[in-house]
Amino acid sequence: TDVGGIDDKSFNQTAWAGVERAVAELGVEGVFLESQQQTDYEKNLNEFISQNKDLIITVGFLLADATKAAAEANPDSKFAIIDSASSAPNVKGLLFDVAQPSFLAGYLAAGMSETGTVCTYGGINIPPVVEFMIGFQNGANYYNTQNSAAVELLGWDNAANDGVFAGNFESTDDGRRLAEVFFDEGCDVIFPVAGPVGLGSAAAAQERGLMMIGVDSDQFLSAPEFGDVFLSSVLKKMDAAVFDTIAALVDGSLTLGDDYLGTLENDGVGLAPYHDFEDKVPAELTAQIEQVIKDIIAGKIDPKATK
């Protein structure tokens with residue numbers, strides 16, 4: 001894992017769920033090592049290599065350098081990495097076009113905001129985090145264009161290519177602090193892209209009766225204590241990608257040195273149900289989002305285009 005931990009209710013936990021499914025359905029053995037700090041990456045990789053594991057899956061962009069080094073030093077070992085492209089002939093990259101569902105989330109947030117202000121922040125300023133934020137702003141902007149609205153986004157600016165970051169993926173205190181600042185500025189729908197940090201924001205949203213959009217997994221299900229604040233979640237279906245990768249290893253069809261890309265079209269990413277907000281999201285907004293999904297899949301909308 002990355003440093004968020006196996007039970008982070010988000011990133012690492014979603015990836016591990018794919019291993020758990022493989023254990024249950026395919027009869028493989030699955031184990032994990034948690035990274036407490038970035039210096040653990042190399043140590044953990046070497047531990048699994050020494051155990052001759054059939055496939056070593058590393059969870060996150062921050063493990064890219066360590067994974068590349070381990071793969072190059074151990075060409076007979078097989079690796080897969082989430083959020084980084086293949087860097088060696090024995091590495092499978094598991095990538096996700098998260099700008100697509102984040103665009104939907106931005107559109108939804110803008111459509112549901114009563115104050116005319118929505119907000120986002122990231123854990124660490126790295127490409128897989130920023131991609132969510134870019135898509136979210138583009139979605140909110142598209143809502144404005146389509147509905148003659150003027151919803152404002154706090155926390156990220158595509159033009160400046162900069163925004164607000166917690167600086168980590170662990171501190172729920174930072175998540176609470178950042179959310180409270182945004183809420184004081186009028187934001188009523190927040191989208192944290194920060195793993196467990198976002199749970200601090202969920203607590204703050206709950207206290208104020210505001211809305212939040214979860215990230216990676218359906219956080220209405222993974223963090224049910226905050227279920228009443230989750231308008232939806234941006235789904236990055238790492239569990240499915242991990243399971244499919246293991247299944248391919250088992251049946252002999254796994255290719256390495258190339259990349260998987262999860263999209264709306266292949267159901268590798270998506271937007272979670274509205275759950276408690278099902279009756280509160282206007283039918284017209286739901287219909288518009290369904291059309292946006294079709295337009296993204298058809299190539300009529302580019303969620304990454306920042307102009």
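Here are some questions and answers on a few helices and residues of this predicted model.

The numbering starts from 1 along each chain as its sequence is written. Because this is a predicted model, local features need pLDDT of at least 70 and side-chain atom pairs count only at pLDDT 80 or more, while totals for chains, interfaces and linings use all residues; side-chain values use heavy atoms, with hydrogens and water left out.

Reader: Let's start with α1: how far apart are its end C-alpha atoms, and what span should its residues give?
Author: Helices here are DSSP runs (H or I, at least four residues), and strands are E runs of at least two, numbered from the N terminus. The expected span is 1.5 Å times one less than the number of residues. For the 16 residues of α1 (residues 11-26) that gives 22 Å, which agrees with end C-alpha atoms that are 23 Å apart.

Reader: Which strands and which helix do the buried residues of α1 pack against?
Author: Buried means under 20% relative accessible area, exposed means over 50%, and partly exposed is in between (1.4 Å probe, protein chains only). In α1 the buried set includes Phe11, Trp16 and Val19. With contact taken as heavy atoms within 4.5 Å, the buried residues of α1 pack against β1 (56-59), β2 (79-82), β9 (211-216), β10 (230-236) and α9 (238-251).

Reader: Is Val23 buried, partly exposed or exposed?
Author: Val23 lies in helix α1. Leaving aside neighbours within four places in sequence, Val23 is in contact with Val28, Glu29 and Gly30. Its relative accessibility is 34%, so Val23 counts as partly exposed.

Reader: What residue follows α1, and what is its phi?
Author: The helix α1 is followed by Gly27. The phi of Gly27 is positive, near 75°.

Reader: Which residue's side chain makes a polar contact with the side chain of Ser35?
Author: Ser35 sits in the loop between α1 and α2, and at 2% relative accessibility it counts as buried. A polar contact is a pair of N or O atoms within 3.5 Å; within protein, one must be able to donate a hydrogen and the other to accept it, and residues adjacent in sequence count only if both atoms are side-chain atoms. The backbone oxygen of Thr1 lies 2.7 Å from a polar atom of the Ser35 side chain. The side-chain partner, at 3.3 Å, is Asn44.

Reader: How far apart in space are Ser35 and Gly4?
Author: In sequence, Ser35 and Gly4 are 31 residues apart. C-alpha to C-alpha, the spacing is 8.0 Å.

Reader: Which way round is the crossing of α2 and α3, left-handed or right-handed?
Author: Axes are lines fitted to C-alpha atoms, for helices over the stretch in contact, with angles from 0 to 180 degrees between N-to-C directions. Helix α2 (residues 40-50) and helix α3 (residues 64-73) have axes that come within 9 Å and cross at roughly 35°. A crossing is left-handed if the near helix is turned anticlockwise from the far one by less than a right angle, and right-handed if clockwise. For α2 passing α3, the crossing is right-handed.

Reader: And α6 with α7: what does their angle make them?
Author: The axes of α6 and α7 (residues 197-208) are 6 Å apart, at an angle of about 45°. Angles under 35 degrees count as roughly parallel, over 145 as roughly antiparallel, 65 to 115 as roughly perpendicular and the rest as oblique. That makes α6, relative to α7, oblique.

Reader: Which side chain is joined to that of Asp174 by a polar contact?
Author: Asp174 is in α6 (residues 172-184), and at 17% relative accessibility it counts as buried. Not counting residues up to four places away in sequence, Asp174 touches Ala166, Asn168 and Val197. The side-chain polar contact, at 2.8 Å, is with Asn168.
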